[in-house]
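Me: I would like to learn how to read the features of a protein model with some care, beginning with the sheet and ending with single residues. Could we go through one together?

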Amino acid sequence: TTPTPNRLWVADITHATTWAGIGHAAFMIDMFTRKIIGWNLASTLHTEVPPLHTLNMAAFNAQGPLDEPVHHTDHGPNHLSIVHTDRIVELDAKPSTGTIGDSYDNALTETVNGLYKTKPIHQHDPWKTVEQIKLATLEYV
């Protein structure tokens, strides 16, 4: 928990399959509001795309000052990359990762991923293109 918005952000990546390939969805949630404050869906999992764009969206959409928020993720290579951690530092945020194999560590984002897959993704399988999933994700968020 956190006493105010923009103090603790949690993030994760999930995927959805299509006939044309895989869509990689990244979400960032503000722990105070429990709302998705940043998201991105792309056909690539390069660090510069889903997680970095999600972080930038969250920073852009932040209401109120960014007073050294904690940016918490799992140990995924996209979140631990130099490009991603450098951007966290540029935003005066504090990078944070939990213990390996601890499913409770990032439970809120895992819940968001599960709801995302249950609601828009699996209700309309099979998807033809990543663009279709991107539009469904926009509507969902």
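Reply: What follows is a dialogue that takes up the sheet, the helices, the cores and a few residues in turn. The model is predicted, with local features requiring pLDDT of at least 70 and side-chain atom pairs counted only at pLDDT 80 or more, while totals for chains, interfaces and linings use all residues. Residues are numbered from 1 along each chain as its sequence is written, and side-chain values use heavy atoms, with hydrogens and water left out.

Me: What is the order of the strands in the open sheet?

Reply: Strands of a sheet pair through backbone hydrogen bonds, either parallel or antiparallel. Helices (H or I, at least four residues) and strands (E, at least two) are DSSP runs, numbered from the N terminus, and two strands pair if DSSP finds at least two bridges between them. Here an open sheet of five strands follows the order S3-S2-S1-S4-S5, with mixed pairing. Its edge strands are S3 (35-42) and S5 (94-97), each of which pairs on one side only. Direction ignored, neighbouring strands of this sheet are turned by 25° against each other on average.

Me: Which strands run parallel, and which residues are bridge partners?

Reply: S1 (residues 8-18) and S4 (residues 70-73) run parallel and are joined by three bridges; the partner of Trp 9 in S4 is His 71, and that of Val 10 is His 72. S4 and S5 also run parallel, with four bridges between them, and Thr 73 stands opposite Thr 97 in S5. By contrast, S2 and S3 run antiparallel and are joined by seven bridges, Ile 29 having Ile 36 in S3 as its bridge partner. S2 and S3 form a hairpin with four residues between them, and Arg 34 in the turn has a positive phi of about 60°.

Me: Where do helices H1 and H4 lie on the strands?

Reply: Two conventions are needed: contact means heavy atoms within 4.5 Å, and axes are lines fitted to C-alpha atoms, for helices over the stretch in contact, with angles from 0 to 180 degrees between N-to-C directions. Helix H1 (residues 50-61) lies across S1, S2 (21-30), S3 and S4, running at about 145° to S3. Helix H4 (residues 107-121) lies across S1, S2 and S3, running at about 35° to S1.

Me: What span should H1 have, and which of its residues are buried?

Reply: The expected span of a helix is 1.5 Å times one less than its number of residues. For the twelve residues of H1 this gives 16 Å, and the end C-alpha atoms are 16 Å apart, which agrees. Buried means under 20% relative accessible area, exposed over 50%, and partly exposed in between (1.4 Å probe, protein chains only). In H1 the buried residues are Pro 50, Pro 51, Leu 52, Thr 54, Leu 55, Ala 58 and Ala 59, and they pack against S1, S2, S3, S4, helix H2 (77-80) and helix H3 (82-90).

Me: How many residues does the largest nonpolar core have?

Reply: In soluble globular proteins, nonpolar side chains tend to be buried together. A nonpolar core is a set of buried Ala, Val, Leu, Ile, Met, Phe, Trp, Tyr and Cys residues joined through side-chain atoms within 4.5 Å. The largest one has 15 residues, and those with the most contacts inside it are Phe 27, Leu 41, Tyr 116, Ile 121 and Ile 133. The elements giving two or more residues to this core are S1, S2, S3, H4 and H5. Apart from it lies another core, of ten residues, among them Trp 9, Ile 37, Leu 55 and Ala 59.

Me: Are Ile 133 and Thr 137 buried or exposed?

Reply: Ile 133 has its place in helix H5 and counts as buried because its relative accessibility is 0%. Leaving out residues up to four places away in sequence, Ile 133 touches Ala 16, Thr 17, Thr 18, Leu 41, Tyr 116, Ile 121 and Trp 127. Thr 137 lies in H5 (residues 130-140) as well, and Thr 137 likewise counts as buried, at 0% relative accessibility. A polar atom of the Thr 137 side chain lies 2.8 Å from the backbone oxygen of Ile 133. Neighbours within four places in sequence aside, Thr 137 is in contact with Phe 27, Trp 39, Leu 41 and Tyr 116.

Technical notes
A polar contact is a pair of N or O atoms within 3.5 Å; within protein, one must be able to donate a hydrogen and the other to accept it, and residues adjacent in sequence count only if both atoms are side-chain atoms.
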